[in-house]
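Subject: Structure for you to look at

Hello,

Here is the structure I said I would pass on. Please open it first, then read the notes below with it on screen.

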Amino acid sequence: MLVAAVIAATYAFFLIFAEFAFLELVQTAAGAVRPVMAALAAAGVAGSLVAAWRFAAVKAGRALAVAFGLCAAGAGLALVVPPAGLFGAAAVAGLGLGGLTVTLAASLRGLLEPARLGFWIGAGTGTAYAFCNLPWLFAASPRRQTLVAVALALLGAVLTWRWRILPVAPATGVDYAGRGKTTWIVWLLALVWLDSAAFYVIQHTPDLRGGTWGGPGLLASNALVHFFVALAAGAWADRGRAASVALAAFALLVAACGLLVGGETTGVAVVYTAAVSLYSTLLVHYPAHGARPWLAAGVFAIAGWGGSALGIGMAQDLQRIPSWFLAVAVVVFLGAWVYRRGPRGSGAAAGLALMGLLFADEARAQSDPVALGREVYVSEGCIHCHSQYVRPGTTDGVRWGPAVPMDELRRESPPLPGNRRQGPDLTNVGARRSAEWNRLHLQDPQAVNPGSRMPSYAHLFAGDAAAGEALVAYLGSLGAERAAELRAAQADWRPESGSGVVAEGPRLFLRLCAGCHGPEGRGDGPLAGRLSGPPPDFRQPAWRRLPPGEPDPERALARLIKFGVPGTAMAGHEYLGDEAVVSLARHVRGLHAASAVP
Amino acid sequence: MNVTAVFSRTLERHAFGWLVAANAVGVWLAALLLWPALGGLAGPFGYGRWMPLHLNWQLYGWCALPLAGALAAWLVTPDAAGRWHLRLALGAWSAALALGGVSWLAGVTSGKLFLDWHGWARPLLPLAMLVLWSVLALHAWLRRGEHGPMGRAIRGGLLLVLLAVPSLLFWAEGREVYPAVNPHSGGATGASLLGSTLAILVVFGALPAFLRVPGRAAWWYWAALAVGAGVFMAADHGDASHHATGQIVALAALLPWLGLLPAYLRGFAWHASARPWLHASFVWWAVLVVTGFLTFLPGWSERLKFTNALVAHAHLAMAGLVTSLNLTILRQLRGGGSCRGFWLWQSGCAVHVAVLAVLGWREAEDPAALFLGDGFSQAAYALRLGAGGAMLLASVQWWKESGA
């Protein structure tokens with residue numbers, strides 16, 4: 001019973017202080033949560049390694065008491081130090097917690113009857129979770145929660161100070177050989193990673209938070225589920241079914257995350273709570289059964305601290321659990337299962353994991369297509385060929401439109417000025433290109449723009465085409481608000497006098513225009529059938545885009561060629577020099593004039 | 001056995017391995033630019049998804065690992081346990097890079113160059129750095145009795161500074177953080193360029209000590225660095241333009257280092273196998289400083305920003321200077337090694353840089369030539385692919401020599 005109480009005190013300290021109260025204290029006092037939590041995690045890893053290095057069963061009682069003392073000191077410091085001192089509090093508490101978890105896990109086989117190891121670990125784990133779900137503690141202020149954590153740590157120190165622990169032989173068997181150890185660390189890493197991400201999402205989504213921990217009734221039922229599921233998990237582990245428990249925990253956690261991805265709140269609480277109790281019991285049982293300090297350090301440093309950092313980092317950055325990530329997690333978890341079975345399985349497992357990671361389709365759950373399109377733009381690495389930065393006072397303004405104010409650029413997350421132009425600048429592409437043109441160009445760049453170095457993004461338009469259409473929406477949004485300014489500047493544009501070598505025109509026409517307009521300007525190019533409106537036939541006597549009384553038709557035509565026609569598939573050729581544009585204008589006029597002669 | 005040679009094989013396998021991987025991706029990218037239709041073979045893994053692999057594997061794999069090895073040679077006990085610990089740290093580092101590559105291919109990226117670590121991949125490299133730091137700190141502690149108070153203070157101070165690096169990197173990877181921007185170019189400010197180059201000069205200055213290269217102490221090097229740091233601190237750190245005199249003057253503070261760095265490094269007795277690489281690094285350093293300053297100046301910046309000329313400059317820094325210096329480190333650590341691949345690499349790099357510089361100069365006047373793939377730019381890209389292939393070949397030779 002006493003051992004279960006110490007396990008409960010350890011887990012409860014971690015849950016109520018490290019995961020809840022300390023986070024709130026830091027947020028209130030310092031604001032900058034990440035660096036302090038990073039210090040806690042780094043100290044936790046360091047504490048785990050030191051504990052493994054210095055572990056000796058005969059001295060483990062004292063070591064546990066010291067570690068509990070460090071935990072109490074760290075938590076106490078967090079209550080009294082100024083904001084800058086929270087780093088110190090994090091370091092002390094992290095060292096204590098890291099040392100405590102490893103020392104305790106490595107000692108349990110020397111303290112408990114082997115046949116009941118899992119049961120008592122389940123009892124301690126379940127008690128800790130149930131205790132933390134008591135409404136008076138769950139809803140208490142961070143300071144009060146911290147005081148309770150200090151009291152628990154001091155109680156742990158008193159209980160363990162005089163413990164005499166028997167040295168035991170390290171466990172053997174498939175789960176403690178090379179493959180087994182790797183498998184278990186991967187499993188526990190995946191479980192902690194998923195749990196940390198799910199916990200963060202629930203905490204930061206008011207509806208989910210209310211549906212999971214809202215009100216005394218839900219908290220009480222969570223407490224009961226935690227306690228009994230943890231007991232059951234321990235009992236199963238005692239019957240040699242630990243791997244099955246891990247699989248059950250993973251399945252439930254994936255189900256809970258699936259519900260979160262789908263925006264579902266009903267049922268999340270029970271599924272999530274049960275999953276957490278199952279794997280939390282295993283997180284102690286696996287290293288405890290092994291009785292190997294370095295294995296315990298590996299489990300807690302990689303799966304515990306590492307998994308928490310990865311899960312919280314992912315959720316903070318993405319604000320959600322991507323469905324592709326769930327798919328990858330399933331592949332990795334099952335891949336590790338295959339790997340555990342031996343050499344034949346390892347290749348298949350590695351292959352499965354890699355395939356899962358590479359071919360996982362990112363389920364971009366954003367509802368705003370422009371925001372989703374920006375994600376697609378970033379994911380596909382468009383910044384490596386396209387800038388979004390018009391340099392004031394350069395030829396950029398004529399080619400790519402008005403500049404964006406610096407404060408507007410800085411408001412973006414992240415800003416995407418780019419550093420290279422294998423293709424045009426896209427600052428104002430939404431005002432320069434129609435959605436129809438962008439769609440066609442993304443799918444078949446070489447057909448639209450012969451010689452272009454851009455790869456095809458037709459795969460983004462496969463299936464429901466959500467990613468492709470979102471990218472089109474994002475591109476359409478770029479510079480849309482500067483369209484009037486852009487049009488005014490274009491209206492003022494005139495080619496430099498003397499521009500134009502007529503001989504250049506036909507060659508350029510065949511290369512740049514014939515795809516839509518046809519080689520003779522009849523509007524019968526190979527792309528014409530893919531456009532919503534047919535290109536004009538230059539042989540018709542009337543111009544479609546030039547008014548009859550246009551005083552300077554060559555200049556007007558040159559402007560159309562240079563900047564295109566807004567809202568249509570007729571795109572500009574802003575990158576061409578004046579000489580090339582005027583040559584093209586003269587050639588097109590020539591086609592028209594020749595055909596206009598009866 | 002040479003004290004530092006214990007580590008060299010382990011280190012070379014990782015460092016050259018990442019150089020080969022990054023170069024192979026670079027060659028693939030060069031081929032994609034020349035023949036975009038090749039991209040169809042790779043399905044959704046297009047040019048933009050491969051780029052972060054090339055950039056980050058070069059920076060955090062090839063450029064960083066020899067420096068980490070130099071640090072390890074200084075701190076870690078050169079015995080079997082030390083070698084095992086170093087293997088562990090390098091293994092964690094390489095695992096982080098490999099997983100990072102998977103994340104970028106899967107489209108998980110921050111959208112920030114050289115800081116692409118995002119989502120689930122964001123803590124990977126900081127965690128690997130923590131593992132390395134733990135190994136360094138452990139050995140510094142175990143060997144504390146070998147040093148006097150000053151030696152202990154220097155090692156302790158350095159470890160404290162290094163402890164901040166993982167957290168800083170994690171913070172910098174965030175999308176909400178973005179450095180100062182030169183409003184007239186959209187690129188780096190003069191102060192930023194000065195600061196990052198001074199940081200590199202600090203590393204260069206510490207190398208002889210880390211590698212235990214015999215030579216004379218040169219207080220003037222550190223005094224000049226202190227002056228540079230003063231200039232850096234006095235410069236405007238906001239979104240300052242390259243038209244601002246203060247920014248130009250700040251960057252001009254690097255020009256004296258044209259001579260200072262070679263003079264300093266020449267004062268040490270480098271191993272014969274390291275000397276050709278050291279001399280090559282002096283040449284690249286001179287070209288880098290001069291062209292770096294020129295391309296920042298008004299007029300030049302307007303012409304060359306966003307063009308292949310700046311890609312040439314990046315290769316000048318990474319493939320020219322850093323690679324030559326890293327080979328100096330690795331040859332010094334090993335205390336030998338052949339000069340195979342020296343001219344293959346150097347000539348490949350020179351052609352690569354020259355071709356891209358010419359292409360960039362031309363591109364500023366006529367972007368259509370590049371966008372539409374005219375004959376000249378196709379020929380230039382083909383030459384660049386050949387030069388990249390030569391560098392890949394040289395790196396494969398070195399990797400094989402490392403016993404991998």
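The domain bounds used below come from an automatic or database domain assignment. For chain A, that assignment gives domain 1 (2–321), domain 2 (369–489) and domain 3 (493–596). Please keep in mind that this is a predicted model.

Contact between the chains

How many residues does each chain bring to the contact? Chain B contributes 67 residues and chain A contributes 63 residues. Together, chain B and chain A bury about 5,400 Å², and 62% of that area lies on carbon and sulfur atoms. On the chain B side, B:F306, B:F371 and B:L372 account for 16% of the area buried against chain A, more than any other three residues.

Charged and polar pairs also cross from one chain to the other. There are four salt bridges between chain B and chain A. One of them joins B:E363 to A:R420, with the closest N and O atoms 3.0 Å apart. Polar contacts link 18 residue pairs between the two chains, counting pairs with both residues at pLDDT 80 or more.

Which helix of chain B gives the most to the side that touches chain A? That is helix α5 (residues 124–142), with seven residues. Sorted by class, the side of chain B that touches chain A has 37 nonpolar, 20 polar and ten charged residues.

Contact inside chain A

The other interface I looked at lies between domain 2 and domain 3 of chain A. Their centres, taken over C-alpha atoms, are 24 Å apart. Domain 2 of chain A puts 17 residues into the contact, and domain 3 of chain A also puts in 17 residues. The two domains bury about 1,500 Å² between them, with 52% of it on carbon and sulfur atoms.

Three salt bridges are counted between domain 2 and domain 3 of chain A. Among them is the one between A:R433 and A:E574, where the closest N and O atoms are 3.0 Å apart. Six residue pairs are in polar contact across this interface, both residues being at pLDDT 80 or more.

Which helices should you look for on the domain 2 side? In chain A, α17 (396–400), α20 (435–443), α21 (445–448) and α23 (483–492) each supply at least two residues of the side of domain 2 that touches domain 3. That side of domain 2 has eight nonpolar, three polar and six charged residues.

Regards

Technical notes:
Residues are numbered from 1 along each chain as its sequence is written. Chains are lettered from A and ligands numbered from 1 in the order in which they are written. This is a predicted model: local features need pLDDT of at least 70, side-chain atom pairs count only at pLDDT 80 or more; totals for chains, interfaces and linings use all residues. Side-chain values use heavy atoms; hydrogens and water are left out. Contact means heavy atoms within 4.5 Å. Buried area is the accessible area (1.4 Å probe) that two parts lose on being put together, summed over both. A salt bridge is a side-chain nitrogen of Lys or Arg within 4 Å of a carboxyl oxygen of Asp or Glu. A polar contact is a pair of N or O atoms within 3.5 Å; within protein, one must be able to donate a hydrogen and the other to accept it, and residues adjacent in sequence count only if both atoms are side-chain atoms. Helices (H or I, at least four residues) and strands (E, at least two) are DSSP runs, numbered from the N terminus. Ala, Val, Leu, Ile, Met, Phe, Trp, Tyr, Cys and Pro count as nonpolar, Asp, Glu, Lys and Arg as charged, and the others, Gly among them, as polar.
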